[in-house]
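Here is a short, friendly tour of a few local features, written for someone who likes to check them in a viewer. Please have the structure open as you read.

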Amino acid sequence: ANSERVYLDGRLMTRGFDNDYIIDYNQAEVTFSPQHLITNNSRIKIDFEYSDFNYARALYSASHYQQVGRLALHGNFYREADNPDNSPNLVLDSLDRVALRNLSDNVAQASVPGGKLTTYNRQEVQYTRETRLVGGQPVDIYTYLTDSLQRAYTVRF
């Protein structure tokens, strides 16, 4: 939500009931205000971001109502947020967990291998691995896989 950029004939539109358009995210519908005439020749371009990750969400609410004589007090608290302890689609094996536990206070030193050997699947983005010397040190370089006969790797960053 709120990541969209709507262009009508090359002009950036402003979202809002009193502005250029409104959007219904549940129905994936964009409705333009009557001040814009949409014809067969109108060019509409919509850029947006989306995520297919499943985020764990937390919703907290608390309410308290108090009446003392003619004085009435009402208090409400609402909080909705992603669960900070649940990274979507991140699975750490025991070696990754040990490496993270043994880190110093410098988080910039956190590094785990990102390539995992897997079977070829043309419906996934996969890579092939090649080791090169960079500054005298061996470094794994992953390049986009174009040949199904090569070893296939999935890579995480």
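What follows covers a small sheet, a surface patch and a loop residue.

Keep in mind throughout that the model is predicted.

**The sheet**

Let us begin with the strands. An open sheet is built from three of them, in the order E2-E1-E5, and their pairing is antiparallel. Strands E2 (11-12) and E5 are at the edges with a single partner strand each, so one side of each has no neighbour in the sheet. Strand E1, which covers residues 5-8, pairs with E2 over two bridges in the antiparallel sense. If you would like one contact to look up, Leu8 has Arg11 in E2 as its bridge partner.

**The patch**

Edge strand E5 spans residues 44-47, and Ile46 belongs to it. Ile46 also takes part in a nonpolar patch on the surface, together with Ile38, Ile44, Phe48 and Tyr50. The accessible area of these residues together is about 540 Å². How exposed is Ile46? Ile46 is partly exposed, because its relative accessible area of 34% lies between the limits of 20% for buried and 50% for exposed.

**The loop residue**

Val125 sits in the loop that runs between strand E8 (115-118) and strand E9 (127-134). Val125 counts as exposed because its relative accessible area is 53%, and the cut-off is over 50%. Val125 and Tyr153 lie 28 residues apart in sequence, with a C-alpha to C-alpha distance of 9.1 Å in space.

The two accessibility values are set out here for reference.

| Residue | Relative accessible area | Class |
|---|---|---|
| Ile46 | 34% | partly exposed |
| Val125 | 53% | exposed |

Notes. Residues numbered from 1 in each chain as written. Predicted model: local features only at pLDDT ≥ 70, side-chain atom pairs only at ≥ 80, totals over all residues. Heavy atoms only, no water. Patch = residues over 30% accessible without salt bridge, like charges linked within 9 Å, V, L, I, M, F, W, Y side chains within 5 Å. Areas by Shrake-Rupley, 256 points an atom, 1.4 Å probe, with all protein chains shown as cover. Salt bridge = Lys/Arg side-chain N within 4 Å of Asp/Glu carboxyl O. Helix = DSSP H or I, 4+ residues; strand = E, 2+ residues; numbered from the N terminus. Buried < 20%, exposed > 50% of the residue type's maximum accessible area, 1.4 Å probe, protein only. Pairing = 2+ DSSP bridges.
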